[in-house]
Amino acid sequence: MIEISDKKNCCGCSACVNICPKQCIIMNEDEEGFLYPIVDLGKCIECGFCNLVCPMNNYSLKNQNTKEIYACVNKDKKILKYSSSGGVFSALATSVIEQDGVVFGAMFDRDMNVIHRFIKTKEEIRKLQGSKYVQSDINNCFLEAKQFLDEGKIVLFSGTPCQIAGLKSFIKKDYSNLITCDFICTGVPSPKIYRAFRDYYQDKYKLKLTNIQFRNKKNGWINFGL
């Protein structure tokens with residue numbers, strides 16, 4: 001059974017939720033709005049899978065000798081406009097979908113909460129474009145990704161370094177058809193604070209929020225804004 005005695009020892013990746021054979025673990029918000037696992041003791045069979053899959057408990061550095069580093073930018077100006085940085089994710093996603101693959105990433109749901117989901121068409125790439133500076137809800141995406149991998153599908157999984165670590169710990173082995181895409185990260189803002197921001201503007205203008213760009217380029221690449 002997984003226990004969080006110190007929150008610094010949990011990154012909220014949801015690997016434990018995905019691995020639990022009895023589905024007795026849920027991610028629950030703390031007082032600051034961050035997601036942490038809660039175990040239903042009445043259903044828990046103490047199999048220990050949650051502790052074994054936790055990337056914080058079983059952290060290891062692999063492939064430390066980086067051979068090559070590239071700086072990239074998407075040549076399509078329209079794609080670049082809706083991207084946070086260089087639009088590389090969109091190029092990767094397009095390539096994977098053209099090979100009948102599946103792409104996982106962060107998107108907004110109908111209520112503009114940030115969640116992780118998968119897409120299969122080029123038309124849906126826009127949903128995943130652009131950084132969302134909020135902790136996303138992984139839900140059962142690790143389980144879904146593994147199912148696609150086992151079917152032989154090419155899978156592109158985009159997320160925070162912690163989420164990628166959780167995914168790799170969950171799937172347990174190297175898949176030649178898996179591409180992971182993370183980014184330099186110094187921590188994720190609280191969904192609770194984000195919701196307060198969202199609700200403030202919806203109340204102020206008496207309108208439902210339909211889109212957010214965290215790094216809008218209306219005023220240029222240097223003076224970007226929300």
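Start by selecting Asn177: at 13% relative accessibility, Asn177 counts as buried. Keep in mind as you click around that this is a predicted model. Asn177 belongs to the loop that runs between H7 and strand S6 (178-181). Now add Gly166 to the selection and draw a C-alpha to C-alpha distance: the two are 11 residues apart in sequence and 18 Å apart in space.

**Into the nonpolar core**

From the loop, move on to the largest nonpolar core, which has 20 residues. To find the members that touch the most others, select Phe104, Phe142, Val155, Phe157, Leu167, Ile171 and Leu178. Then colour by secondary structure. Helix H1 (15-19), strand S3 (102-108), helix H6 (141-150), strand S5 (155-158) and helix H7 (161-171) each put at least two residues into this core. Which of them gives the most? That is H6, with 5 residues.

Stay on H6 and zoom in on Phe142, which lies in that helix. Phe142 has a relative accessible area of 0%, so it is buried. Bring up Phe170 as well: Phe142 and Phe170 sit 28 residues apart in sequence, yet their C-alpha atoms are 7.0 Å apart in space. Both of these residues also belong to a cluster held together by ring pairs, so show the side chains of Phe104, Phe118, Phe142, Phe148, Phe157 and Phe170 together.

**More rings**

Over the whole structure there are 11 aromatic pairs. For one of them, select Tyr194 and Phe214: the ring centres are 6.4 Å apart and the planes are at 40°, so this pair is tilted. Tyr194 is in helix H8 (residues 191-205) while Phe214 is in the segment after H8, so the pair ties together parts that are 20 residues apart in sequence. Buried or exposed? Tyr194 and Phe214 are both buried.

Next, pick Phe197 and Tyr201. Their ring centres are 5.0 Å apart and their planes are at 55°, so here too the pair is tilted. Phe197 and Tyr201 both lie in helix H8, 4 residues apart, which is about one turn of the helix. Switch on a surface to check these two. Phe197 has 34% relative accessibility and counts as partly exposed; Tyr201, with a relative accessible area of 33%, is partly exposed as well.

**Charges over rings**

Two stops here. Select Arg126 and Tyr82: the charged end of Arg126 sits over the Tyr82 ring, 3.8 Å from its centre. Then go to Lys217 and Trp221, where the lysine lies over the face of the tryptophan, at 4.6 Å from the ring centre.

**Two cavities**

If your viewer can show internal space, turn that on now. Searching the whole structure gives 2 cavities of 30 Å³ or more. The largest has a volume of about 80 Å³. To see its lining, select Ile2, Cys10, Cys11, Gly12, Cys13, Ser14, Cys16, Met27, Pro37, Cys54, Pro55 and Met56. What kinds of residue make up this lining? It divides into 10 nonpolar and 2 polar residues, with no charged ones.

The second largest cavity has a volume of about 60 Å³. Its lining is Cys20, Pro21, Cys24, Ile25, Val39, Cys44, Ile45, Glu46, Cys47, Gly48 and Cys50. By class, that lining has 9 nonpolar, 1 polar and 1 charged residues.

**Two backbone oddities**

Each cavity lining holds a residue worth a look at the backbone. Most residues other than glycine have a negative phi.

Go back to Ser14, one of the residues lining the largest cavity. Ser14 has a positive phi of about 75°, although it is not a glycine. You will find Ser14 in the segment before H1, and at 4% relative accessibility it counts as buried.

Finish at Glu46, which is among the residues lining the second largest cavity. Glu46 also isn't a glycine, and it has a positive phi of about 55°. Look for Glu46 in the loop between strand S2 (35-39) and helix H2 (49-53). Buried or exposed? Glu46 is exposed, with a relative accessible area of 65%.

Methods. Residues are numbered from 1 along each chain as its sequence is written. This is a predicted model: local features need pLDDT of at least 70, side-chain atom pairs count only at pLDDT 80 or more; totals for chains, interfaces and linings use all residues. Side-chain values use heavy atoms; hydrogens and water are left out. Rings of Phe, Tyr and Trp (its six-membered ring) pair if their centres lie within 6.5 Å; planes under 30 degrees apart count as stacked, over 60 as edge-to-face and the rest as tilted. Buried means under 20% relative accessible area, exposed over 50%, partly exposed in between (1.4 Å probe, protein chains only). A charge sits over a ring if NZ of Lys or CZ of Arg is within 6 Å of the ring centre and within 35 degrees of the ring normal. On a 1 Å grid over the protein atoms alone, a cavity is a set of points where a 1.4 Å probe fits but cannot get out, and a pocket is an open set with protein on both sides within 12 Å along at least five of seven lines; lining residues have an atom within 4 Å of a point. Grid points are joined across faces, edges and corners, and a volume is the space filled by probe spheres set on the points. Ala, Val, Leu, Ile, Met, Phe, Trp, Tyr, Cys and Pro count as nonpolar, Asp, Glu, Lys and Arg as charged, and the others, Gly among them, as polar. A nonpolar core is a set of buried Ala, Val, Leu, Ile, Met, Phe, Trp, Tyr and Cys residues joined through side-chain atoms within 4.5 Å.
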